[in-house]
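Please read the following note with the sequence and the model side by side. The points begin with one side chain and its surroundings and then move outward to the sheet.

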Amino acid sequence: MTTPTAVLAFSGGMDSTTLAAHYARTHRLVLLSVDYGQRHRRELDAARQVAGLLGADEHHVIDLRHLGPLLAGSALTDPSVTVPDGHYEDETMRATVVPNRNAILANIAVGAAAARGAEVVALGIHAGDHTIYPDCRPEFLDALRDCVRVALAGLPIPDVEAPFLTWTKDRIAQYARDIDAPLHASWSCYKGGTVHCGTCGTCVERAEAFTLAGVPDPTEYLTPPPLVESTAAARR
């Protein structure tokens, strides 16, 4: 029996690394990372490392650097916008929204999957993203699936999957431990640098997830995330 192929939109972050480890057990793994002119390239370095650790069949870094200036106004693409510190659910985190980013990345993956006759396109979106990012919500996934069916009429149509859609971040951390996902090599920090800053929303969310999951955090932080213990205690 031929091993099925999964094409993943792959940032090299905690969620997509866990997603890749999930599919690596049962599928040929095609990982697509995108240089869209984001604030730093550290996550792309992490993506390459994780792809190697998981033995991905293919890993491509797609050059869309000229897209970044067209998506100005986000802290992730516009150097004039400061990356906010604090908890991921804070209103200030809306500064990190990149308009239509997941739709763009997902549709690139869909095209690549259709060209290969791949069975699956997978996204690492999860419940913790729903508050801030509209293209991480169940409604977006439903609309994307409808779009794929219409756009690929007469061509191979992959299943579009988001297995973590209703999961919390700490559940992802637990699952990553269970399947031995290489989270030590993943990158979450929005600020870049050589180690995670520990204060931006993704660093705080990452550290909180490990704390709530009761899983050792392999991450080196420049500053210990300040909200983890109090937030974790409040949510228990």
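1. The side chain of H40 offers a polar atom that lies 3.4 Å from the backbone nitrogen of G192, and a polar atom of this side chain also lies 3.1 Å from the backbone nitrogen of R42. A polar contact here is a pair of N or O atoms within 3.5 Å; within protein, one must be able to donate a hydrogen and the other to accept it, and residues adjacent in sequence count only if both atoms are side-chain atoms.

2. This is a predicted model, in which local features need pLDDT of at least 70 and side-chain atom pairs count only at pLDDT 80 or more, while totals for chains, interfaces and linings use all residues. Residues are numbered from 1 along each chain as its sequence is written, and side-chain values use heavy atoms, with hydrogens and water left out.

3. H40 sits in the loop between β2 and α2, and it is buried, at a relative accessible area of 13% (buried means under 20%, with a 1.4 Å probe and protein chains only). Leaving aside residues up to four places away in sequence, H40 touches W187, C189, Y190, K191 and G192, where contact means heavy atoms within 4.5 Å.

4. Helix α2, residues 42–54, lies across β2 and β3 and runs at about 170° to β2.

5. The open sheet has 5 strands in the order β3-β2-β1-β4-β5, with parallel pairing; two strands pair if DSSP finds at least two bridges between them. Because β3 (58–63) and β5 (159–161) stand at the edges with a single partner strand each, one side of each is left without a neighbour in the sheet.

Conventions: Helices (H or I, at least four residues) and strands (E, at least two) are DSSP runs, numbered from the N terminus. Axes are lines fitted to C-alpha atoms, for helices over the stretch in contact, and angles run from 0 to 180 degrees between N-to-C directions. Buried means under 20% relative accessible area, exposed over 50%, partly exposed in between (1.4 Å probe, protein chains only).
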